[in-house]
Each structure stands twice: as structure tokens, then as C-alpha cells.
Amino acid sequence: MPILPFTSKPEDVVKLLKLIPTLEVPAHSVNTAYLKTLGFSQSSSAHLVDILQKLGFVSAGEEPSDIWKEYVLGEGRGQVLASAVKAA
């Protein structure tokens, strides 16, 4: 059975998904250090990176993916997120 990413603070997932569209697409890695600059704790940041990777928002190399970029554009943001969850 595959191990799925999780967090003990699901509200941080919601907070991050609301925050992403207000940010510029990062030109660097989306990693724990980056998420800490956005106000997330070290432990929460680690879980959030795993969740973003599972959803396809971040590549295995921790770079923002095309899904991240589509989500930022705002057109059909809900559909982009729904497709990412379905694919995960």
C-alpha cells in the first residue's frame, strides 16, 4: 500500500492554497526553507512540500510545475485543483 503525504495541520494546506495565487511563481526551489519564509513552521513545511509534490504542484526536483503556474493564473483554479487531486 502506498504511503500518502499527510499533515497534522490541515488548515495549513488551505492557507497555502489561498496564498499561492497571491505570490509570484518562485524562480527557485519550493522547499521547507521557502515555505518557512511564508510563515509556515519547519514541520508543517516538510509535510506541505510532500503534499504539493503528490498533487503535482511541485516537481521531484522541488521546482514549481505547470500545475502550479496554471493554478496561479486563476482561470479555472478550482478545476486545476480538482484535476490535481484526482490525479494524485
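A residue counts as buried when its relative accessible area is under 20%, as exposed when that value is over 50%, and as partly exposed in between. Keep those cut-offs handy, because F57, with a relative accessible area of 0%, is buried by that rule. We'll come back to F57 after a look at the whole chain. One thing to know before we start: what you have in front of you is a predicted model.

Let's begin with the overall layout. The protein chain has five helices and zero strands. If you walk along the sequence, the pattern you meet is α-α-α-α-α. How does the radius of gyration fit with a compact globule? For 88 residues, such a globule would come out near 12 Å, and the protein chain has 12 Å, so the two agree. Along the principal axes, the C-alpha trace spans about 35 × 30 × 25 Å.

Now for the inside and the outside. Of the 88 residues, 30% count as buried. The chain exposes about 5400 Å², and carbon and sulfur atoms supply 58% of that area. As for charge, there are 8 positive and 9 negative side chains, and the centres of these two sets sit 6 Å apart. Contacts also tell you how the chain folds back on itself. Take the contacts between residues at least 6 apart in sequence: 54% of them join residues at least 24 apart.

Time to zoom in on the rings. How many aromatic pairs does the count come to? It comes to one. The partners are F57 and Y71, which meet edge-to-face, with 5.2 Å from centre to centre and 70 degrees between the planes. This pair links distant parts of the chain: F57 belongs to the loop between α3 (42–55) and α4 (66–73), while Y71 is in helix α4, 14 residues away. Measuring from C-alpha to C-alpha instead, Y71 and F57 are separated by 8.7 Å.

Are these two residues buried or exposed? F57 is buried, at 0% relative accessible area, and Y71 is buried too, at 5%. Y71 has plenty of company. Leaving out residues up to four places away in sequence, Y71 touches L17, I20, P21, F57, R77, V80 and L81.

Stay in the loop between α3 and α4 for a moment, where you'll also find E62. What is special about the backbone at E62? Its phi is positive, about 70 degrees, although E62 is not a glycine. E62 counts as partly exposed because its relative accessibility is 27%, which lies between the 20% and 50% cut-offs. S59 sits in that loop as well, and at 29% relative accessibility S59 is likewise partly exposed. S59 and S29 are 30 residues apart in sequence, yet their C-alpha atoms are 9.4 Å apart in space.

Next, hop back to the loop between α1 (10–19) and α2 (32–37), the place of V30. V30 is buried, with a relative accessible area of 0%. Which residues does V30 touch, if you skip those up to four places away in sequence? They are V49, L52, V58, E62, P64 and W68. Notice E62 in that list: the residue with the positive phi is one of the contacts of V30.

From V30 you can look across to S45. Their C-alpha atoms are separated by 9.8 Å, and the two residues are 15 apart along the chain. S45 lies in helix α3 and is buried, with a relative accessible area of 0%. Again leaving out residues up to four places away in sequence, S45 touches T32, L35, K36 and F40.

Finally, follow the chain to A88, in the segment after α5 (77–87). Where S45 is buried, A88 counts as partly exposed, at 39% relative accessibility. Which residues does A88 touch, apart from those up to four places away in sequence? The answer is K54 and L55. A88 and I51 are 37 residues apart along the chain, and their C-alpha atoms are separated by 9.6 Å.

Definitions and conventions: Residues numbered from 1 in each chain as written. Predicted model: local features only at pLDDT ≥ 70, side-chain atom pairs only at ≥ 80, totals over all residues. Heavy atoms only, no water. Helix = DSSP H or I, 4+ residues; strand = E, 2+ residues; numbered from the N terminus. Rg over C-alpha atoms; globule rule 2.2 N^0.38 Å. Buried < 20%, exposed > 50% of the residue type's maximum accessible area, 1.4 Å probe, protein only. Contact = heavy atoms within 4.5 Å. Areas by Shrake-Rupley, 256 points an atom, 1.4 Å probe, with all protein chains shown as cover. Lys, Arg positive; Asp, Glu negative; His and termini not counted. Charge placed at Lys NZ, Arg CZ, Asp CG, Glu CD. Phe/Tyr/Trp six-rings, centres within 6.5 Å; stacked < 30°, edge-to-face > 60°.
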